[in-house]
Amino acid sequence: MVGGSKPLGESVFAVHAVAGAAAISASAVAVYPLDTVKTLLQLGATGQKQKMGLRQVVDRLMAASGPAGFYNGIGWSILGKLPGLGARFGTYELLTAFYKDGREDNYVYYSEAMKAGIAAGAVEAVFCTPFELFKLRNQHPWMLTGSGKPPLPSDVHLPSRVILLEGWGALWRGLRSGIARDCVFGGMFFSTWQFLHTVMLTWKAVNMSPKPRNLEAAGPVPPFASSVAAGFAGAIAAAASHTFDTAKSRSECTVVPKYIAMERKFLKWKAPGTWIERKTGISPADRNVLFRGIGLRTARSGIASFVLVGSYYLAVNHLS
């Protein structure tokens, strides 16, 4: 290192990679307690006429695990978000670069942002699903339910036990609902963020003299404003995709031994429910609980998106 230069200053890729990892970790830690409580609300018994209140959920969590229980499984969460969010934003940037190719102003239309976000969400779901399964089962191991008569082993949240009892296919349980959730989230997030980004650039251009010839010439949006826009977009996307998140959480908490899965495959067992429920992995038994925890997930996603973008800007400025 020469003359006090920063160790990553000359490597653009390294700067953005380290900044991204730091931002993802910071956002995950900041909102993980909200995610833990949200998941417990989603996993309440289907037959309950009255869902548990927030105080009841927190009391139950404290009784089972103590304060540390709010961060059960956070390691799996971060491990999943690192490749997942990298795939989400990487796919989005790749597709929007294709859309912008040949345009003078590098503008991305809202419909294009939505389509790119949908594709990015599908890619993210494939990367994240195995990690989310282990995260969920470590968050609330006492909430796991079994498909079959034998009692569940106490260590069914461990990767080796999951593979031994349920097979390798269990790692992608809930993939259908995960793809539906992340496609809706990605489409709503990026189209909303693009809309807000355009509004902020337009407002900035109006107050400039001389007027820029296009929005790109108006310059970048301030980091804080971009973070707020990301938080707002994340909250809207979370609300729109929440039903699929509940379906995924409840599916991944169901332990299906290998012999049960083999019997279903041999007998050509058809999942119950309507066509849309079968395609998106929603169980008909969960119809009345799909909106549980929507307020917490909306808040969690909004805060996480705000922290993610803000932390990323701060890390890039510090490392560059």
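A residue counts as buried here when its relative accessible area is under 20%, and by that cut-off 44% of the 320 residues of the chain are buried in this predicted model.

Begin with the whole chain in cartoon view, where there are 10 helices and two strands, running from the N terminus in the order α-α-α-α-β-α-α-α-β-α-α-α. The C-alpha atoms fill a box of roughly 75 × 50 × 40 Å along the principal axes; the radius of gyration is 22 Å, which agrees with the value near 20 Å that a compact globule of 320 residues would have. If you display contacts between residues at least 6 apart in sequence, 82% of them join residues at least 24 apart.

Next, select helix 4 (110–139), helix 6 (175–206) and helix 7 (223–252), the elements that each give two or more residues to the largest nonpolar core. This core has 16 residues, and those with the most contacts inside it are Tyr-92, Phe-185, Phe-189, Phe-190, Trp-193 and Ala-230.

Then centre on Tyr-92 and show its surroundings: leaving aside residues up to four places away in sequence, Tyr-92 touches Ala-113, Ala-116, Gly-117, Ala-120, Phe-190 and Gln-194. Apart from the largest core lies another, of eight residues, which you can find by selecting Val-37, Leu-40, Met-52 and Leu-61 among its members.

Finally, turn on the surface, of which the chain exposes about 16600 Å², with carbon and sulfur atoms supplying 67% of that area. Colouring by charge brings up 34 positive and 19 negative side chains, and the centres of these two sets lie 8 Å apart.

Notes. Residues are numbered from 1 along each chain as its sequence is written. This is a predicted model: local features need pLDDT of at least 70, side-chain atom pairs count only at pLDDT 80 or more; totals for chains, interfaces and linings use all residues. Side-chain values use heavy atoms; hydrogens and water are left out. A nonpolar core is a set of buried Ala, Val, Leu, Ile, Met, Phe, Trp, Tyr and Cys residues joined through side-chain atoms within 4.5 Å. Buried means under 20% relative accessible area, exposed over 50%, partly exposed in between (1.4 Å probe, protein chains only). Helices (H or I, at least four residues) and strands (E, at least two) are DSSP runs, numbered from the N terminus. Contact means heavy atoms within 4.5 Å. The radius of gyration is taken over C-alpha atoms; the globule rule is 2.2 Å times the number of residues to the power 0.38. Accessible areas come from the Shrake-Rupley method with a 1.4 Å probe; for residues, only the protein chains shown count as cover. Lys and Arg count as positive and Asp and Glu as negative; His and the chain ends are not counted. The place of a charge is taken as NZ of Lys, CZ of Arg, CG of Asp or CD of Glu.
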